[in-house]
Amino acid sequence: MVFRAFGHQPPLKPHLIGLTGGIGSGKSTVATMFSEFGVPVLDLDQVGHRLATTNDECLGYLVTAFGKKILQAEGSLDRKALAKHCFSDADETDRLNAIMHPLIWRQEEQWLSQQQSDYVIIEASVLLESGGAKRMNAVIVILADEPIRFQRVLARGRQNELDFRSILARQCDDSMRMQMADYMIENNGSLQQLRKHVLAVHRALLQSHGVESGKACGDPVQFVPKG
């Protein structure tokens, strides 16, 4: 792993640290912990949701691409109808991404221009699948065993097993995540263990920057429970 010192002055542009993981891995919990440590966090999934539901420009692009069948009776976006239409067809998924990703990245740039910290966390469930890792200075991957992830998703009460399997099929697997990770955090244990590992990553990031990909410069740094 190659590191270069941050120096005494904050960079003109914060270093972008991508945060990703499969459904139920605990990615959002980790993002919250980084936020509690004072790190600015941008959730690109929430940005996309907000754009699709409140941005007239975005909604217009979606209706032009997929028709009025994706709208509710009163004219707002029917997210379930959009998901049903797009996620059952790879070409339609690509069309959706081609619309959403540039709009999301524009919001990301606007948000970044307002940040003054050494680094920020960019949280995204499909960071690797979308090619977003290329924009990051380093990538943190959250890993958890699939049975544990499944139970977490069911416990939320918003998705069933079919939903879980469908989302799982659209996301890359852990082997790809591990290949592209600079930092890996295992989240099969307690919140106390998880917070300890997140704090360790936070301290490492404060001490260093400019991390090249783990594949290019060595093995990724792992933070896993002991014993």
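**Close-up views of helix α5 and the nonpolar cores**

**View 1. Buried residues of helix α5 in the predicted model.** The residues of α5 that are buried are E92, T93, L96, I99, M100, H101, L103, I104, E108, W111 and L112. These buried residues pack against three strands, β1 (15-21), β2 (41-43) and β3 (119-123), and against the helices α2 (44-54), α3 (56-66) and α4 (79-86).

**View 2. Length, bend and start of α5.** Helix α5 covers residues 90-112, and its end C-alpha atoms lie 31 Å apart. This agrees with the expected span of 33 Å, because 23 residues are counted at 1.5 Å a residue. At M100 the helix α5 bends by about 25°, and the proline P102 follows within four residues. At the start of α5, the backbone nitrogen of D91 has a side-chain oxygen of D89 within 2.8 Å.

**View 3. The largest nonpolar core.** This core has 35 residues, and L62, F66, L82, M100 and I122 are those with the most contacts inside it. At least two residues of the core come from each of α2, α3, α4, α5, β3 and β4 (138-143). Helix α5 gives the most, with 7 residues. In soluble globular proteins, nonpolar side chains tend to be buried together.

**View 4. Surroundings of F66.** Leaving aside neighbours within four places in sequence, F66 is in contact with L82, H85, C86, E92, R95, L96 and I99.

**View 5. A second core.** Separate from the largest nonpolar core, a second core has 18 residues, including F34, A138, I185 and V198.

Conventions: Residues are numbered from 1 along each chain as its sequence is written. This is a predicted model: local features need pLDDT of at least 70, side-chain atom pairs count only at pLDDT 80 or more; totals for chains, interfaces and linings use all residues. Side-chain values use heavy atoms; hydrogens and water are left out. The expected span of a helix is 1.5 Å times one less than its number of residues. The bend at a residue is the angle between axes fitted to the seven residues ending there and the seven starting there. Buried means under 20% relative accessible area, exposed over 50%, partly exposed in between (1.4 Å probe, protein chains only). Contact means heavy atoms within 4.5 Å. A polar contact is a pair of N or O atoms within 3.5 Å; within protein, one must be able to donate a hydrogen and the other to accept it, and residues adjacent in sequence count only if both atoms are side-chain atoms. A nonpolar core is a set of buried Ala, Val, Leu, Ile, Met, Phe, Trp, Tyr and Cys residues joined through side-chain atoms within 4.5 Å.
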